[in-house]
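The following exchange explains the terms applied to a structure and the values behind them. Please consult the sequence and the model shown here.

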Amino acid sequence: MHFSLPNGDRDKLLQALINVVGNSVKYAKNQIQIKVSLIRNDIEISVMDDGDGIPETLLPHVFHRFVRGKDGETGLGLAISRAIVERCGGVITAQNLDTGGASVMMRFPAPA
Ligand SMILES: Nc1ncnc2c1ncn2[C@@H]1O[C@H](COP(=O)(O)OP(=O)(O)O)[C@@H](O)[C@H]1O
Ligand SMILES: [Mg+2]
């Protein structure tokens with residue numbers, strides 16, 4: 001898979017990814033999976049963990065600023081990730097896996 005991003009976008013998208021992976025590192029029991037796919041001209045990155053998942057009441061609001069769980073920190077990480085991904089023309093979504101853990105997917109256009 002060969003693609004490159006403009007430097008500014010690359011740094012910002014790395015920050016977006018770090019925020020998501022940082023959450024998984026915090027909440028995973030044993031395992032995190034990061035899956036990267038090229039779908040048509042989009043790069044899709046999914047970060048999945050085997051923790052308890054995002055509380056269902058939080059799930060619809062989890063990308064809003066200051067929304068956090070009871071053991072959360074600033075509640076800003078995912079809001080920042082969303083702002084970055086959307087500014088790069090992408091989308092970010094969160095869901096819980098059937099197996100119980102959290103899955104956060106970001107998808108953005110690969111530069112031609
Ligand atoms: N992988 C995850 N597993 C379980 N809960 C999560 C996960 N990622 C995020 N959350 C929940 O979403 C909230 C918001 O996440 P975030 O915006 O990164 O803020 P923060 O990490 O500062 O609390 C967290 O406080 C936590 O309750
Ligand atoms: Mg966080």
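Q: What makes the 2.9 Å pair of Asp 52 and Lys 29 a polar contact?
A: The side chains of Asp 52 and Lys 29 are joined at 2.9 Å. A polar contact is a pair of N or O atoms within 3.5 Å; within protein, one must be able to donate a hydrogen and the other to accept it, and residues adjacent in sequence count only if both atoms are side-chain atoms. The distance of 2.9 Å therefore satisfies the limit of 3.5 Å.

Q: On what kind of model do these values rest, and how are residues and chains labelled?
A: This is a predicted model, in which local features need pLDDT of at least 70 and side-chain atom pairs count only at pLDDT 80 or more, while totals for chains, interfaces and linings use all residues. Residues are numbered from 1 along each chain as its sequence is written, chains are lettered from A and ligands numbered from 1 in the order in which they are written, and side-chain values use heavy atoms, with hydrogens and water left out.

Q: Why is the pair of Lys 29 and Asp 52 also called a salt bridge?
A: A salt bridge is a side-chain nitrogen of Lys or Arg within 4 Å of a carboxyl oxygen of Asp or Glu. The closest N and O atoms of Lys 29 and Asp 52 are 2.9 Å apart, so the pair meets the 4 Å criterion. The pair links distant parts of the chain, 23 residues apart: Lys 29 is in the loop between H1 and strand S1 (32-39), and Asp 52 in the loop between S2 and H2. Helices (H or I, at least four residues) and strands (E, at least two) are DSSP runs, numbered from the N terminus.

Q: Why is Asp 52 called exposed?
A: Buried means under 20% relative accessible area, exposed over 50%, and partly exposed in between (1.4 Å probe, protein chains only). Asp 52 has 66% relative accessibility and therefore counts as exposed. Lys 29 is exposed as well.

Q: Which residues does Asp 52 contact, apart from its neighbours within four places in sequence?
A: Asp 52 is in contact (heavy atoms within 4.5 Å) with Tyr 27, Lys 29 and Gly 100. The C-alpha atoms of Asp 52 and Tyr 27 are separated by 7.3 Å, although the two residues are 25 places apart along the chain.

Q: How do you know that Asp 49 has no salt bridge?
A: The nearest side chain of opposite charge, that of Lys 29, is 7.9 Å away. Lys and Arg count as positive and Asp and Glu as negative; His and the chain ends are not counted. A distance of 7.9 Å is beyond the 4 Å limit, so no salt bridge is assigned. Asp 49, in strand S2 (residues 42-49), is nevertheless buried. Its side chain reaches the backbone nitrogen of Gly 51 at 2.9 Å.

Q: What makes the pair of Glu 73 and Lys 26 a salt bridge, and how exposed are the two residues?
A: The N to O distance between their side chains is 2.9 Å, which again lies within 4 Å. Glu 73 is in the loop between S2 and helix H2 (77-87) and Lys 26 in helix H1 (residues 7-27), 47 residues apart. With a relative accessible area of 58%, Glu 73 is exposed, whereas Lys 26, at 36%, counts as partly exposed.

Q: Why does the salt bridge of Arg 107 and Glu 44 tie together distant parts of the sequence?
A: The side chains of Arg 107 and Glu 44 meet at 3.2 Å, N to O. Arg 107 lies in strand S4 (residues 102-109) and Glu 44 in strand S2, so the bridged parts are 63 residues apart in sequence. Salt bridges with shared partners join Asp 42, Glu 44 and Arg 107 into one network. Arg 107, at 23% relative accessibility, counts as partly exposed, and Glu 44, at 16%, as buried. The structure holds four salt bridges.

Q: Why is Ser 81 called buried?
A: Its relative accessible area is 0%, which is under 20%, so the term buried applies. Ser 81 lies in helix H2, where Leu 78, Ala 79, Ile 84 and Val 85 are among the other buried residues. What covers the buried residues of H2 includes H1, strand S3 (91-96) and S4.
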